[in-house]
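Welcome, and please take a moment to look over the model below. This report walks through it step by step.

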Amino acid sequence: MTLSASARKPWAALVDAASEPYRKADRFAWRFARGKLSLDPVFRHLLSQGLIAPHARVLDIGCGQGLLASLLSACSAFAQQGQWPSQWAAAPTAARVTGIELMPRNVARAKASLGSAADVVCGDMRHTPFPEADTVVMLDVLHYINQAEQNDVLARVRRALPTGGSLLLRVGDAAARPRFLASRWVDTLVSWVRGHRAPQLGRSLAEWSSQLESLGFEVCSQPMSQGTPFANVLLVARARA
Ligand SMILES: C[S@@+](CC[C@H](N)C(=O)[O-])C[C@H]1O[C@@H](n2cnc3c(N)ncnc32)[C@H](O)[C@@H]1O
């Protein structure tokens with residue numbers, strides 16, 4: 001999605017506001033927040049399209065330093081001050097975020113920056129219980145575990161959601177080569193630097209969709225790597241009755 005010029009300004013202001021809490025944690029965390037929120041198309045897409053509802057209980061699995069939680073709290077402030085762009089869907093005001101994150105350093109950054117604005121738990125998604133949620137967000141995290149583990153996590157996500165609840169899942173589309181290979185190469189490098197397991201072999205978009213459908217989701221998808229060399233897709237999966 002390309003943002004109109006009038007929507008770019010509020011987005012830049014939201015990026016500033018959502019990055020600000022990280023200044024007190026450390027300069028790296030602040031710069032990282034600014035860079036990621038500015039360059040990654042997924043965050044403004046989630047907001048402008050209303051994929052997170054007001055008052056939603058959000059579970060962000062593999063939440064990193066808690067960027068989504070920080071962004072959602074900036075959204076509430078913007079809406080209260082009448083600064084929410086009128087052409088976007090309703091602001092996700094008063095959303096409550098629980099994050100699960102493996103790396104203690106990321107959790108420490110999230111806690112130091114966000115305080116009580118989010119509950120961030122240090123844990124492995126394969127073993128950490130999932131609280132009930134209206135929206136589960138998983139951005140670029142499932143590829144760190146193997147396929148059987150992915151299926152198990154997705155089944156547990158489905159059980160954490162009510163009918164009509166949603167999973168917002170970004171993954172690579174293994175059928176979209178050579179862009180998928182570019183993402184894998186970067187993931188392998190990042191995993192090595194961060195001390196994670198090497199990324200697992202991927203699935204095609206059709207395989208991801210069919211797995212989610214077999215677990216009781218209705219799925220639609222769209223490319224979500226505009227401006228990058230990657231083959232990422234956002235799957236919006238609604239829990240069926
Ligand atoms: C590529 S980052 C994405 C962070 C965040 N979702 C975002 O979009 O800003 C992937 C995150 O998943 C975390 N992660 C990897 N394996 C995990 C696991 N087994 N359980 C929980 N988090 C995990 C990593 O530590 C990292 O912070």
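Of the 241 residues of the protein chain, 51% count as buried in this predicted model. The secondary structure of the chain comes to eight helices and seven strands. Among the contacts with a separation of 6 or more, 70% are between residues 24 or more positions apart.

**Two helices side by side**

Let us begin with a pair of helices. Two packed helices are described by the angle between their axes and the distance between the axes. Here, helix α3 spans residues 41–48 and helix α4 spans residues 67–80. Their axes are 12 Å apart, and the angle is about 40°. Angles under 35 degrees would count as roughly parallel, and those from 65 to 115 as roughly perpendicular; α3 and α4 are therefore oblique to each other. The crossing of α3 and α4 is right-handed.

Which residues meet where α3 and α4 pack? From α3 come F43, L46 and L47, and from α4 come L68, L71, L72 and C75. By class, this contact of α3 with α4 has seven nonpolar residues, with no polar and no charged ones.

**A serine in α4**

Helix α4 is also the place of S70. Is S70 buried or exposed? The relative accessible area of S70 is 2%, and the limit for buried is under 20%, so S70 is buried. Leaving out residues up to four places away in sequence, S70 touches A18, P21, Y22 and L114.

**Salt bridges across the chain**

Now for the charged side chains. How many salt bridges does the structure hold? There are 10 salt bridges in the structure. Three of them are set out here, each with its N to O distance.

| Salt bridge | Distance, N to O |
|---|---|
| R109 and D26 | 3.1 Å |
| R57 and E132 | 3.5 Å |
| D140 and R170 | 2.7 Å |

Take the salt bridge of R109 and D26 to begin with. This pair links distant parts of the chain, 83 residues apart: R109 is in helix α5 (residues 104–114), while D26 is in the loop between α1 (5–19) and α2 (27–39). R109 is buried, with a relative accessible area of 14%, whereas D26 counts as partly exposed at 26% relative accessibility.

The next salt bridge brings together the side chains of R57 and E132. R57 lies in strand β1 (residues 57–61) and E132 in the loop between β3 (118–122) and β4 (135–139), so this pair ties together parts that are 75 residues apart in sequence. With a relative accessible area of 34%, R57 is partly exposed. E132 counts as exposed, at 60% relative accessibility.

What about the side chains of D140 and R170, which also meet in a salt bridge? Where do these two residues sit in the chain? D140 is in the loop between β4 and α6 (147–160), and R170 is in strand β5 (residues 166–172). The two are 30 residues apart, and the pair links distant parts of the chain. D140 counts as partly exposed at 24% relative accessibility, whereas R170 is buried, with a relative accessible area of 4%. D140 and R170 are also part of a network of salt bridges, in which they are linked with D40.

Definitions and conventions. Residues are numbered from 1 along each chain as its sequence is written. This is a predicted model: local features need pLDDT of at least 70, side-chain atom pairs count only at pLDDT 80 or more; totals for chains, interfaces and linings use all residues. Side-chain values use heavy atoms; hydrogens and water are left out. Axes are lines fitted to C-alpha atoms, for helices over the stretch in contact, and angles run from 0 to 180 degrees between N-to-C directions. Helices (H or I, at least four residues) and strands (E, at least two) are DSSP runs, numbered from the N terminus. Angles under 35 degrees count as roughly parallel, over 145 as roughly antiparallel, 65 to 115 as roughly perpendicular and the rest as oblique. A crossing is left-handed if the near helix is turned anticlockwise from the far one by less than a right angle, and right-handed if clockwise. Contact means heavy atoms within 4.5 Å. Ala, Val, Leu, Ile, Met, Phe, Trp, Tyr, Cys and Pro count as nonpolar, Asp, Glu, Lys and Arg as charged, and the others, Gly among them, as polar. A salt bridge is a side-chain nitrogen of Lys or Arg within 4 Å of a carboxyl oxygen of Asp or Glu. Buried means under 20% relative accessible area, exposed over 50%, partly exposed in between (1.4 Å probe, protein chains only).
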